[in-house]
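Me: I should like to learn how to read the features of a protein model, one at a time. Please give the general idea before each case.

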Amino acid sequence: MSTTRSTAAGKVLEVLSAFDREHPAQTLSEIAQRTGLALSTTHRVVMELAGWGALERGEDGSWHVGLRLWEIASGCPRTQILRDVALPFMQDLYEVTHENVQLAVREGTELVFVERIAGHRSVELLTSVGTRFPVGSTGMGRVLLAHAPRDIQEEVLGSPQRAWTPHTVTDPRTLRTQLDRIRREQVFVSDRQLSESTVAVAAPVRIGRTGPVSAALGIVLAAPDAGRARGLREPLLRAAYGISDELGRRTRPTG
């Protein structure tokens, strides 16, 4: 038994970690099976979490994440200011492109999507707010990886890369060349790397125009419309620069 699982807090985290996009609702038995906890322990932890509002029970008897967790997560300092600053620029970018506009941050060797705007006719995506992917899997992820610390880059490049499609670049040497190009050119076009039906155009968001990269901004369009990708470079960069400048102003020390 792991040290984490042997503590009361560890058991709570085990139960909460059982819920994800693929498993949004589960029965008590399913939670116990996914966590490896005894059914009696699972029942006790779930009841405590439900009493606090972290879990809620559906009409069919299954459990899902409660509103209380969303309330707490929405106040995350790392993303709250970023989302507040970015959303107006993302809305403007959507009005110009009428395509999916996404914002993501890096956490270790993964990226997490923190905001998204999509229209009725936008191409369907594998990603959504709150989902995680390996940082090397998406166009936005590769932008973040290109500006990540060297140890993160080496960890990713030294690990096997999943081939999501026949077009996915998995060769470490090719990826290194790609990351160098991203640092030089700022904008990266990801052609059917994650899905054969989509092409993404991504750019870094900094804290100030020359500060550290804090996020990636991206536009995702249908693969048959890939010819438009080059024309999206300028509006994407304008939006990314706008967010960067405003982040720099918001985080600049006063006094």
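The dialogue below goes from the whole chain to single strands and residues.

Me: What kind of model is this, and how are its residues numbered?

Reply: This is a predicted model, in which local features need pLDDT of at least 70 and side-chain atom pairs count only at pLDDT 80 or more, while totals for chains, interfaces and linings use all residues. Residues are numbered from 1 along each chain as its sequence is written, and side-chain values use heavy atoms, with hydrogens and water left out.

Me: How many helices and strands are there in the chain?

Reply: Helices (H or I, at least four residues) and strands (E, at least two) are DSSP runs, numbered from the N terminus. The chain has 10 helices and 9 strands. Its radius of gyration is 20 Å, close to the 18 Å of the globule rule for 255 residues, so the chain is as compact as a globular protein of that length. That radius is taken over C-alpha atoms, and the rule is 2.2 Å times the number of residues to the power 0.38. Along the principal axes, the C-alpha atoms fill a box of roughly 55 × 50 × 40 Å.

Me: What share of the residues is buried?

Reply: A residue is buried under 20% relative accessible area, exposed over 50% and partly exposed in between (1.4 Å probe, protein chains only). Buried residues make up 45% of the 255 in the chain. Contact, in turn, means heavy atoms within 4.5 Å. Of the contacts with a separation of 6 or more, 54% are between residues 24 or more positions apart.

Me: How should I read a sheet, and which strands stand at the edges of the one that holds β3?

Reply: Strands of a sheet pair through backbone hydrogen bonds, either parallel or antiparallel. Here two strands count as paired if DSSP finds at least two bridges between them. The order β1-β3-β2 describes an open sheet of 3 strands with antiparallel pairing. β1 (25–26) and β2 (55–57) are the edges, each with a single partner strand, so one side of each is left without a neighbour in the sheet. β2 pairs with β3 (residues 63–65) over 3 bridges, and R57 stands opposite W63 in β3.

Me: How many residues lie between β4 and β5 in their hairpin?

Reply: The β4 and β5 hairpin has 2 residues between its strands, and G108 in the turn has a positive phi of about 65°. The two strands run antiparallel and are joined by 7 bridges; V105 has V112 in β5 as its bridge partner. β5 (residues 110–117) is mostly covered, with 6 of its 8 residues buried. β5 is also joined to β6 (residues 132–134) by 3 bridges, again antiparallel, and there E110 is partnered by P134.

Me: Is A104 buried or exposed, and which residues does A104 touch?

Reply: A104 lies in β4 (residues 100–107) and is buried, at a relative accessible area of 0%. Leaving aside residues up to four places away in sequence, A104 touches L111, V112, F113, V114, M140, L144, A215 and A216.

Me: Which residues of β7 are on its covered face?

Reply: In a regular strand the side chains alternate between the two faces of the sheet. In β7, F188 and S190 are on the covered face, whereas V189 and D191 are on the uncovered one. β7 pairs with β8 in the antiparallel sense over 4 bridges, with F188 opposite A202.

Me: Where are Q186 and R192 found, and what is the phi of each?

Reply: Most residues other than glycine have a negative phi. Q186, although not a glycine, has a positive phi of about 75°. Q186 is in the loop between α9 (172–185) and β7 (188–191), and is buried at 18% relative accessible area. R192, likewise not a glycine, has a positive phi of about 55°. R192 is in the loop between β7 and β8 (198–206), the turn of a hairpin with 6 residues between its strands. At 27% relative accessibility, R192 counts as partly exposed.

Me: Which residues does S244 touch?

Reply: S244 lies in helix α10 (residues 233–251) and is buried, with a relative accessible area of 2%. Not counting residues up to four places away in sequence, S244 touches P204, V205, R206, I207 and G208.
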